[in-house]
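Thanks for letting me go through this one with you. Here are my notes, set out point by point so that you can follow along in the viewer.

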Amino acid sequence: MTREYDGMAFPAPTFARFLGLYLSEGHLGKYDTTIALTQNPGPVLEEMRGTIRSMGSPVMTVPLSAGRGRQLRFKNAVLYDWLRRSCGMGALNKRVPSIVF
(Lines give C-alpha, C1' and ligand atoms only; values in the text may rest on other atoms or scores of the structure.)
Protein backbone atom coordinates (compact mmCIF):
# COMPACT_ATOMS: atom_id res chain seq x y z
CA MET A 1 0.00 0.00 0.00
CA THR A 2 1.19 3.51 -0.75
CA ARG A 3 0.00 6.53 1.22
CA GLU A 4 0.39 10.14 0.16
CA TYR A 5 0.83 12.83 2.80
CA ASP A 6 2.48 16.15 3.48
CA GLY A 7 5.91 16.08 5.07
CA MET A 8 6.48 16.14 8.78
CA ALA A 9 9.30 17.64 10.84
CA PHE A 10 10.53 17.18 14.42
CA PRO A 11 13.31 19.00 16.28
CA ALA A 12 16.54 17.03 15.72
CA PRO A 13 17.32 16.33 19.42
CA THR A 14 13.78 15.09 20.05
CA PHE A 15 13.79 12.89 16.97
CA ALA A 16 17.24 11.50 17.78
CA ARG A 17 16.05 10.61 21.30
CA PHE A 18 12.92 8.94 19.91
CA LEU A 19 14.89 7.03 17.28
CA GLY A 20 17.23 5.60 19.93
CA LEU A 21 14.29 4.60 22.11
CA TYR A 22 12.48 3.05 19.15
CA LEU A 23 15.51 1.06 17.97
CA SER A 24 16.12 -0.34 21.45
CA GLU A 25 12.61 -0.76 22.87
CA GLY A 26 10.09 -0.18 20.08
CA HIS A 27 8.06 -1.98 17.49
CA LEU A 28 5.49 -1.31 14.80
CA GLY A 29 1.97 -2.68 14.63
CA LYS A 30 1.39 -5.38 12.03
CA TYR A 31 -2.17 -4.42 11.12
CA ASP A 32 -2.29 -0.66 11.64
CA THR A 33 -0.01 2.35 12.09
CA THR A 34 0.60 1.85 15.81
CA ILE A 35 4.09 2.64 17.07
CA ALA A 36 4.89 1.22 20.52
CA LEU A 37 7.69 1.54 23.07
CA THR A 38 7.89 -0.97 25.94
CA GLN A 39 9.51 -0.45 29.35
CA ASN A 40 9.05 -1.10 33.07
CA PRO A 41 7.67 1.77 35.18
CA GLY A 42 10.31 4.32 36.16
CA PRO A 43 12.35 7.20 34.77
CA VAL A 44 13.02 5.65 31.35
CA LEU A 45 9.29 5.04 30.78
CA GLU A 46 8.61 8.67 31.73
CA GLU A 47 11.34 9.87 29.33
CA MET A 48 9.70 7.81 26.59
CA ARG A 49 6.29 9.30 27.36
CA GLY A 50 7.70 12.85 27.37
CA THR A 51 9.52 12.30 24.09
CA ILE A 52 6.39 11.04 22.32
CA ARG A 53 4.36 13.96 23.68
CA SER A 54 7.03 16.48 22.63
CA MET A 55 6.63 15.12 19.09
CA GLY A 56 2.98 16.19 19.26
CA SER A 57 1.39 12.77 19.64
CA PRO A 58 -1.06 11.71 22.34
CA VAL A 59 0.15 8.53 24.00
CA MET A 60 -1.80 5.61 25.47
CA THR A 61 -0.29 3.50 28.27
CA VAL A 62 -1.14 -0.20 28.19
CA PRO A 63 -0.14 -2.56 31.03
CA LEU A 64 1.37 -5.81 29.76
CA SER A 65 -0.14 -9.06 31.00
CA ALA A 66 3.21 -10.58 31.96
CA GLY A 67 5.18 -8.71 34.62
CA ARG A 68 5.31 -5.01 35.38
CA GLY A 69 5.99 -3.76 31.85
CA ARG A 70 4.07 -0.97 30.20
CA GLN A 71 3.62 -0.27 26.52
CA LEU A 72 3.31 3.28 25.26
CA ARG A 73 1.31 3.34 22.03
CA PHE A 74 0.59 6.10 19.55
CA LYS A 75 -0.33 6.40 15.88
CA ASN A 76 1.38 8.43 13.23
CA ALA A 77 1.11 7.16 9.64
CA VAL A 78 3.96 9.32 8.31
CA LEU A 79 6.39 8.26 11.03
CA TYR A 80 5.22 4.62 10.86
CA ASP A 81 5.90 4.44 7.13
CA TRP A 82 9.31 6.07 7.54
CA LEU A 83 10.32 3.74 10.40
CA ARG A 84 9.18 0.69 8.47
CA ARG A 85 11.06 1.73 5.32
CA SER A 86 14.21 3.11 7.01
CA CYS A 87 14.59 0.94 10.12
CA GLY A 88 12.87 -2.32 9.17
CA MET A 89 10.33 -4.36 11.13
CA GLY A 90 10.88 -6.96 13.83
CA ALA A 91 13.72 -7.19 16.33
CA LEU A 92 15.95 -9.24 14.04
CA ASN A 93 15.40 -6.94 11.07
CA LYS A 94 15.67 -3.49 12.71
CA ARG A 95 18.61 -1.36 11.67
CA VAL A 96 20.00 2.12 12.27
CA PRO A 97 18.77 4.29 9.38
CA SER A 98 21.27 5.80 6.94
CA ILE A 99 20.42 9.38 8.03
CA VAL A 100 22.38 8.69 11.23
CA PHE A 101 25.66 8.16 9.36
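**Notes on the side-chain contacts**

1. Let me begin with the rings: four aromatic pairs turn up in the count. Please keep in mind throughout that this is a predicted model. One of the pairs is Phe 15 with Trp 82, an edge-to-face arrangement with 5.5 Å centre to centre and 70 degrees between the planes. Phe 15 belongs to helix 1 (residues 12-25) and Trp 82 to helix 3, so this contact ties together parts that are 67 residues apart in sequence. Both Phe 15 and Trp 82 are buried.

2. A second ring pair deserves a look too. Phe 18 and Tyr 22 have ring centres 6.2 Å apart and planes at 25 degrees; the pair counts as stacked because planes under 30 degrees apart fall in that class. Here the two partners share an element: both lie in helix 1, four residues apart, which is about one turn of the helix. Phe 18 has a relative accessible area of 0% and is therefore buried. Tyr 22, at 1% relative accessibility, counts as buried as well.

3. Two further details belong with the rings. Phe 10, Phe 15 and Trp 82 are linked into a cluster by ring pairs, so Phe 15 and Trp 82 from my first point appear again here. As for Tyr 22, which residue lies over its face? That is Lys 94, at 4.8 Å from the ring centre.

4. Now to the charged side chains, where the structure holds three salt bridges. Arg 17 pairs with Glu 47, and the closest N and O atoms are 3.9 Å apart. With Arg 17 in helix 1 and Glu 47 in helix 2, the pair links distant parts of the chain, 30 residues apart. I would note that the cut-off for a salt bridge is 4 Å, and the 3.9 Å of Arg 17 and Glu 47 should be read with that in mind. Both ends are partly exposed: Arg 17 at 35% relative accessibility and Glu 47 at 38%.

5. The next salt bridge joins Lys 75 and Asp 32, at 2.8 Å from N to O. Lys 75 sits in strand 4, while Asp 32 is in the loop between strand 1 (26-28) and strand 2 (34-39), so parts that are 43 residues apart in sequence are tied together. How accessible is Lys 75, buried or exposed? With a relative accessible area of 52%, Lys 75 is exposed; the limit for that class is over 50%. Its partner Asp 32 is partly exposed, at 33%.

6. The remaining salt bridge I want to mention is Glu 46 with Arg 49, 3.1 Å from N to O. Both residues lie in helix 2, three residues apart, or about one turn of the helix. Glu 46 is partly exposed, with a relative accessible area of 44%, whereas Arg 49 counts as buried at 12% relative accessibility.

7. While you are at helix 2 (residues 43-54), have a look at Pro 43, which is placed in that helix. Pro 43 counts as exposed, at 72% relative accessibility. Its C-alpha atom is separated by 14 Å from that of Leu 72, a residue 29 positions away along the chain.

8. On the strands, I would point to strand 3 (residues 60-63) and strand 4 (residues 70-75), which pair in the antiparallel sense over four bridges. Pro 63 has Arg 70 of strand 4 as its bridge partner. The two strands form a hairpin with six residues between them. In the turn, Gly 67 has a positive phi of about 80 degrees. Strand 4 also carries Lys 75, the partner of Asp 32 in my fifth point.

9. My last point concerns the surface. What do Val 96, Ile 99, Val 100 and Phe 101 form there? Together they make a nonpolar patch, with about 450 Å² of accessible area between them. Val 96 is found in the segment after helix 3 (77-87). At 42% relative accessibility, Val 96 counts as partly exposed.

Technical notes
Residues are numbered from 1 along each chain as its sequence is written. Side-chain values use heavy atoms; hydrogens and water are left out. Patches are made of residues with over 30% relative accessible area and no salt bridge: like charges are joined within 9 Å, nonpolar side chains (Val, Leu, Ile, Met, Phe, Trp, Tyr) within 5 Å. Accessible areas come from the Shrake-Rupley method with a 1.4 Å probe; for residues, only the protein chains shown count as cover. Buried means under 20% relative accessible area, exposed over 50%, partly exposed in between (1.4 Å probe, protein chains only). Rings of Phe, Tyr and Trp (its six-membered ring) pair if their centres lie within 6.5 Å; planes under 30 degrees apart count as stacked, over 60 as edge-to-face and the rest as tilted. A charge sits over a ring if NZ of Lys or CZ of Arg is within 6 Å of the ring centre and within 35 degrees of the ring normal. Two strands pair if DSSP finds at least two bridges between them.
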